[in-house]
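Here are my notes on the model, set out as numbered points for a reader who is new to this kind of work. Please keep the structure open while reading, and look up each residue as it is named.

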Amino acid sequence: MSGAVDLCLRNTRRMLWRNGRSYCTHHGSRVKIFDRNLKRKQRDRAAWLLRPGDSLVDAVAENLLDRLEDCKKTFPSALCMGGSLEAIRRLLNGRGGIEKLTMMDASVDMVKLCEQAEQNSPNKNVETSFIVADEEYLPVKESSLDLVISCLGLHWTNDLPGAMIQSKLSLKPDGLFLGAILGGETLRELRIACTVAQMEREGGISPRLSPLAQVRDAGNLLTRAGFTLPGVDVDEYTVRYNSALELIEHLRTMGETNALLQRNISLKRDTALATAAIYESMFGTEDGTIPATFQVIFMTGWREHPSQQRAKKRGSATVSFKDIHKEFGGGT
């Protein structure tokens, strides 16, 4: 059974993930994977359900912002778009030397939430503004920003390479892009349980969870967007829940529920119950909880600038590896 599940999961991911999240038909029209209007509504709902100090969201935001502490330069003007922008605003704590911060989200309610949070607990010495806009169509002038941050939002864009190219163009020379997206191993336990339940109860599977980028895709995305000095690293976070229902509720508060265009409107009741039972039987722990894996891919890229380090031209080396080996490796 596990081999069949594995094959079905791979085929589903391959079907939905092609050429950077969206693909063109032979007529040249772009096929969209995600329903952006539905995702906007889910973000509106998440703004009302948002947990203050969500440990998972805060951990990812802290990890992303820590990268600013590794930079000697400051970033006076910054854009934070989509995803966990409220956590970014709250945890910024003066990092990066940001003086002007623009908070952007496609959800009106999420922007209002951030505005209210800023009024209640303002960031000192940071001039904060708020706009409602889509990550796929950045309303930002070219070469106008020092820093672009996206924390857990870009994996819902239909044209991820295009969104990253727009981010790069909005940066000044030597500007920094920081991004965090959910990776392909996210919710692997739920994917397996749902697939097994659908195969047993319905005789087949339909897309229930979003296709997500693999680690190898992230570096290609940065390079394709034209970023220099690209960096990619991965962290896995394991969150424990009392039940599968509690996991689903957490996903709703994060705005991370299914937004595929090609989806069944609702999961059949017996299939949903079977999914929960299979999840607990396959992955349940001795203390009665169930684990859920969240794989987060962190991406760093810079807009090109003459001061940045560059690789030497091929063939320009003056010392051979053979000589180095003789000198330091003890070879003959």
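1. Ser 143 sits in the loop that runs between β5 and β6 (145–151), and in this predicted model the residue has a positive phi of about 55° although it is not a glycine. As background, most residues other than glycine have a negative phi. With a relative accessible area of 34%, Ser 143 is partly exposed, because that class covers the values between under 20%, which is buried, and over 50%, which is exposed.

2. Asn 125 deserves a similar look, since this residue, which is not a glycine either, has a positive phi of about 65°. Its place is in the loop between α5 (108–120) and β5 (127–132). Is Asn 125 buried or exposed? The relative accessible area of Asn 125 is 75%, and therefore the residue counts as exposed.

3. On either side of that loop there are two residues to examine together, Glu 118 in helix α5 and Thr 128 in strand β5. Glu 118 has a relative accessible area of 12% and is therefore buried; leaving out residues up to four places away in sequence, Glu 118 touches Arg 89, Asn 123, Thr 128 and Phe 130. Thr 128, at 19% relative accessibility, also counts as buried, because the cut-off for that class is under 20%. With the residues up to four places away in sequence again left out, Thr 128 touches Leu 101, Met 103 and Glu 118. Thr 128 and Lys 100 are 28 residues apart in sequence, while their C-alpha atoms are 5.9 Å apart in space.

4. Another threonine, Thr 300, has its place in strand β9 (residues 290–302), and with a relative accessible area of 17% Thr 300 is buried. Which residues is Thr 300 in contact with, leaving aside its neighbours within four places in sequence? They are Arg 67, Leu 176, Phe 177, Leu 178, Leu 222, Leu 229, Pro 230 and Gly 231. In addition, the C-alpha atoms of Thr 300 and Phe 227 are separated by 8.6 Å, although the two residues are 73 positions apart along the chain.

5. Leu 222, one of the contacts of Thr 300, also takes part in a contact between two helices, namely that of α6 with α8. The axes of helix α6 (residues 160–170) and helix α8 (residues 215–225) come within 8 Å and cross at roughly 50°, and that angle makes α6 oblique to α8. The crossing of α6 and α8 is right-handed. On the side of α6 the contact is made by Leu 160, Pro 161, Met 164, Ile 165 and Lys 168, and on the side of α8 by Leu 221, Leu 222, Arg 224 and Ala 225. Sorted by class, the contact of α6 with α8 has seven nonpolar residues, two charged residues and no polar ones.

6. A second pair of helices can be read in the same manner: the axes of helix α2 (residues 36–49) and helix α9 (residues 244–254) come within 6 Å and cross at roughly 105°, and α2 and α9 are therefore roughly perpendicular to each other. Here Arg 43, Arg 45, Ala 46 and Leu 49 in α2 meet Arg 252, Thr 253 and Met 254 in α9. The residues of this contact of α2 with α9 divide into three nonpolar, three charged and one polar.

7. How many disulfides does a search of the whole structure find? The search finds zero. Cys 80 is in no disulfide, and the nearest cysteine sulfur to that of Cys 80 belongs to Cys 151, 7.4 Å away; likewise, Cys 151 is in no disulfide, and its nearest cysteine sulfur is that of Cys 80. The distance of 7.4 Å does not qualify because a disulfide requires a pair of cysteine sulfur atoms within 2.5 Å. Cys 80 counts as buried at 1% relative accessibility, and Cys 151 is buried with a relative accessible area of 0%.

8. Finally, for the chain as a whole, there are eleven helices and nine strands, and buried residues make up 49% of the 332 residues. Of the contacts in the protein chain with a separation of 6 or more, 83% are accounted for by residues 24 or more positions apart.

Terms used:
Residues numbered from 1 in each chain as written. Predicted model: local features only at pLDDT ≥ 70, side-chain atom pairs only at ≥ 80, totals over all residues. Heavy atoms only, no water. Axes fitted to C-alpha atoms, helices over the stretch in contact; angles between N-to-C directions. Helix = DSSP H or I, 4+ residues; strand = E, 2+ residues; numbered from the N terminus. Parallel < 35°, antiparallel > 145°, perpendicular 65-115°, else oblique. Left-handed = near helix turned anticlockwise from the far one by under 90°. Contact = heavy atoms within 4.5 Å. Nonpolar A, V, L, I, M, F, W, Y, C, P; charged D, E, K, R; others polar. Buried < 20%, exposed > 50% of the residue type's maximum accessible area, 1.4 Å probe, protein only.
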